[in-house]
Amino acid sequence: MSKSTTDPNAPMYYNGIYHFFYQYNPRGAVWGNIVWGHSISKDLINWEALEPAISPSKHFDIKGAWSGSATILPSNKPIILYTGVDPEERQVQNYAVPANLSDPYLRKWIKPGNNPLVDPDIEGVNASAFRDPTTAWWLHGHWRILVGSKRNHRGIAYLYRSKDFIRWTKAKHPLHSAPHTGMWECPDFYPVLLSGIQGLDPSVMGKHVKHVLKVSLDVTRYDYYTVGTYLTDKDRYVPDNTSVDGWAGLRYDYGNFYASKTFFDHAKKRRMLWGWVNESDTTADDVKKGWAGIQTIPRIVWLDPNQRQLMQWPIEELESLRRKNVKMSHRQLKTGDHIEIKGITAAQADIDVTFYIPSLSKAEPFNPSWTDAQQLCAQKGSKVEGGVGPFGLLTLASRNLEEYTPVFFRVFKGSKKHVVLLCSDARSSSLKDGLYKPSFAGFVDVDLADKKLSLRSLIDHSVVESFGAGGKRCITSRVYPTLAVLENAHLYAFNHGAETIMVENLNAWSMKKPRMNVKMAG
């Protein structure tokens, strides 16, 4: 049966099981007929699909059961908050609880009759732009949640408080808002340690943490975040002045990535991130293939030691899928070189490579007007010879390079420090017409004192997830090659810059296919 998946919802770890919910259309490969899909896993790699957890059925969600979050209450009882759409098309906030806590898979969920918990009209909020409640945190005797909204063109994260998780009151002021950003969808708010990769429960406060506020911008269809300070005495969030608080701000991912959600995995003390990867072909293509939308490989997130941005890395469990391994070390990449990495399944692979740059003297001067990384990547693509770079990987490449998705670095000389550009350029990814093939890119805030740049790319047939400089910049590309498929896909290391680049160390693995959403019996 055709189906569509979009926003990740309410991921949680409960009594030894990972639960993942998602916006899901069981009737077709287009948006509509949305229910909460529900899948479970013990290892985050192999998944089994259960019956939908929440479907429109009551007066408070009859026209839609939209995104939301899970909170584990101190009594070890999970509760889901989600947005429902009522008969008047108003967006209201509801809750659902497991029907049977003794069921290890939490198959059935109940929507109590005292819903909705939060009514926009009572609070004087725009009922057509009021959605996606966050995971709750506990502070000063109250639970707190955020709900995304807008007023004119100002994006808003409304703050609500409750003593009992049932009766909620809107705070006098939003937690945060920003002008000219439009509707804030899928807000996420959580603490991160100043030092170390360990994750934190959302209720952890103190001088040893900063906070992250992420919102999904309905206008631009990408996620942006800021790092800042939660003023607990005022219930206000103040972003640091180290990044833009708006469209040009930091993103989790500079490619196909939206409506993301994090959660604290208390089993392994880590904060994990999920994101929706939408399609780049047409709706007609989606209907033909019978499905649309995937989720990224789960990632852990933590604060960069520079405290200006987040770092991300694929979960360690992914390594259980690694099979045949090939290595390369101390291999020169001269101008124009393409060295094939043979011996692995290039259409389904995990590649981790460190490049060494012997000299930065040939780096091109950086023009301060180049503020748009994607535009710069389009201007200076993988075929445009530079001083230092472009160099990197040609993924999902056909034998004669009619098709390929290059993931590469280019280094420029700025006025104070070198500027590093990471690109994942889909323009040459497919010979097929009618596709969205952007030159995704982001600037990498990295110190080149050791003259090394690392790149990890996860390749899975029609998606390439790349992590530059240990996870400082991440780009997900959705591509649809026609020639570079299955055993006809190839992988190359390349250099089109004047400066010779050294592949200091490269590891590449064929990846085994996991159990993906197999229907659970019974």
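In this predicted model, strand β32 provides the largest share of the lining of the second largest pocket, namely 5 residues. Strand β32 (439-444) is joined in this by α3 (373-379) and β31 (418-425), each of which supplies at least two residues of that lining. The pocket has a volume of about 1,100 Å³, and of the 43 residues that line the second largest pocket, those closest to its centre are Ala 248, Tyr 254, Thr 371, Ala 373 and Phe 443. Sorted by class, the lining is made up of 20 nonpolar, 14 polar and 9 charged residues.

From the pocket we can turn to strand β2, which spans residues 17-25 and is mostly covered, with 9 of its 9 residues buried. In a regular strand the side chains alternate between the two faces of the sheet. In β2 both faces are covered, since Ile 17, His 19, Phe 21, Gln 23 and Asn 25 are buried on one side, and Tyr 18, Phe 20, Tyr 22 and Tyr 24 are buried on the other. Strand β2 runs antiparallel to strand β3 (residues 35-41), to which 7 bridges join it, and His 19 stands opposite Ile 40 in β3.

The nonpolar interior completes the tour. The largest nonpolar core holds 57 residues, of which Ile 341, Phe 355 and Leu 453 touch the most other members. Apart from this core lies another, of 23 residues, which includes Trp 47, Met 272 and Trp 302 as well as Tyr 22, a residue already met among those buried in β2. Returning to Ile 341, and leaving aside its neighbours within four places in sequence, this residue is in contact with Val 326, Met 328, Leu 491, Tyr 492, Ala 493, Leu 506 and Ala 508.

Technical notes: Residues are numbered from 1 along each chain as its sequence is written. This is a predicted model: local features need pLDDT of at least 70, side-chain atom pairs count only at pLDDT 80 or more; totals for chains, interfaces and linings use all residues. Side-chain values use heavy atoms; hydrogens and water are left out. On a 1 Å grid over the protein atoms alone, a cavity is a set of points where a 1.4 Å probe fits but cannot get out, and a pocket is an open set with protein on both sides within 12 Å along at least five of seven lines; lining residues have an atom within 4 Å of a point. Grid points are joined across faces, edges and corners, and a volume is the space filled by probe spheres set on the points. Helices (H or I, at least four residues) and strands (E, at least two) are DSSP runs, numbered from the N terminus. Ala, Val, Leu, Ile, Met, Phe, Trp, Tyr, Cys and Pro count as nonpolar, Asp, Glu, Lys and Arg as charged, and the others, Gly among them, as polar. Buried means under 20% relative accessible area, exposed over 50%, partly exposed in between (1.4 Å probe, protein chains only). Two strands pair if DSSP finds at least two bridges between them. A nonpolar core is a set of buried Ala, Val, Leu, Ile, Met, Phe, Trp, Tyr and Cys residues joined through side-chain atoms within 4.5 Å. Contact means heavy atoms within 4.5 Å.
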